[in-house]
Amino acid sequence: PATTRDRLRVAIQKSGRLAEPARDLLASCGLTWRESRDKLFCYGESLPVDLLLVRDDDIPGLIADGVCDLGVVGRNVLVEHDLGRTANGQAAALKEWRQLGWGVCRLDIAINDDEQWTGPEQLAGRRIATSFPRTLEDWLTDKGVDAQVVTLSGSVEIAPRLGQADVVCDLVSTGGTLAANALKPVETLLHSEAVIAGPFAPLEDGREEIADLLLRRMDGALRLKETRLLMLRAGRDVLTEVLQRLPAGGEPTVLPVDGRDEVSVQLLCHNAVPWPRLEELKRAGAHTIMVLPVEGMLA
Ligand code: ATP
Ligand code: MG
């Protein structure tokens, strides 16, 4: 039985691709920490939310065992963990509480540059190196292909050159690492991004309330990240043309500028505003056009 806890514990990657963005995300929710000397545990000062800094592979297990309540982890790690539970006859314990939209990558099969790809049946009898053996085996079973899965904990992309495998199944974002190793992606097993992972069951001992507060702030912070304030000036004579060319967003605010036959226009946009849009506004007669990030907002 889990011991009683009245503080929320969040597991994040100690170092690696998700470490910084995870801390930034939590900091944008107003969290501050007093770091312990070994920096494996950070005590939350502003809210009862503590951090555990671990290897990303350990995050699902820590949540499933009730050691941590939430975690920031790639979907690929979560899926691999869940397939492990299923294989052991255990029910899936974790779900995605939020999708974060960064840490985006795919789990791909990649073959030698100069090899032709005809389909999954081409993998029959071959050795495939991966750090995600269960996800790969699940996919192979689904395709009815019998191949040999070689599990490696890292540096999967050099396995073919080392003679450890013929093919790889690895995480790909830009494809640069594959290309540098004379490999090309041919099949996608999984589309991944960073997620907030948590248990299926609701949290207990008042931790649910803390988690609700944290997630509400996080939703606000995630929405704000894309939000921009567009400001510009325009003569009253061209105002109609300018207003017609504003990007989608809320209701524009039009304010008179003292002592001039001009107005100032403000608009909250929920996406980045691309350059061509600004140039179009300029051509319509607007000037002093600015796009500003939004730090905080209470609607
Ligand atoms: P740890 O020491 O914590 O086990 P790691 O080497 O397993 O670190 P990283 O390479 O830091 O992990 O990657 C963490 C996560 O980042 C991946 O599980 C994946 O979800 C995501 N990611 C995004 N793009 C890529 C990419 N191009 N290659 C690898 N991972 C990526
Ligand atoms: Mg790892």
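1. Let's start with the metal. In this predicted model, the magnesium ion (ligand 2) has two protein residues as its donors, Asp56 and Asp57. Each one uses an OD atom, and they lie 2.1 Å from the ion.

2. Are these two aspartates buried or exposed? Asp56 is buried, because its relative accessible area is 19% and buried means under 20%. Asp57 comes out as partly exposed, at 46% relative accessibility.

3. Now step back to the whole chain, which is split into domain 1, domain 2 and domain 3. Have a look at how domain 1 is written: 8–102 + 194–224, so this domain takes in two stretches of the chain. Domain 2 covers 105–192, and domain 3 covers 227–293. Between the C-alpha centres of domain 1 and domain 3 you'd find 40 Å.

4. Strand 5 is a nice one to click through. It spans residues 70–74, and 5 of its 5 residues are buried. Leu70, Val72 and Gly74 point one way, while Gly71 and Val73 point the other. That pattern fits a general rule: in a regular strand, side chains alternate between the two faces of the sheet.

5. Which strands does strand 5 pair with? One is strand 1 (residues 8–13), which runs parallel to strand 5 and is joined to it by 2 bridges. Here Val10 sits opposite Leu70. Another is strand 12 (residues 194–199), which runs antiparallel to strand 5, with 4 bridges between them. On that side, Gly71 has Ala197 as its bridge partner.

Terms used: Residues are numbered from 1 along each chain as its sequence is written. Chains are lettered from A and ligands numbered from 1 in the order in which they are written. This is a predicted model: local features need pLDDT of at least 70, side-chain atom pairs count only at pLDDT 80 or more; totals for chains, interfaces and linings use all residues. Side-chain values use heavy atoms; hydrogens and water are left out. Donors are N, O and S atoms within 2.8 Å of the metal (3.2 Å for Na, K and Ca); water is not among the atoms, so sites may look incomplete. Buried means under 20% relative accessible area, exposed over 50%, partly exposed in between (1.4 Å probe, protein chains only). Two strands pair if DSSP finds at least two bridges between them.
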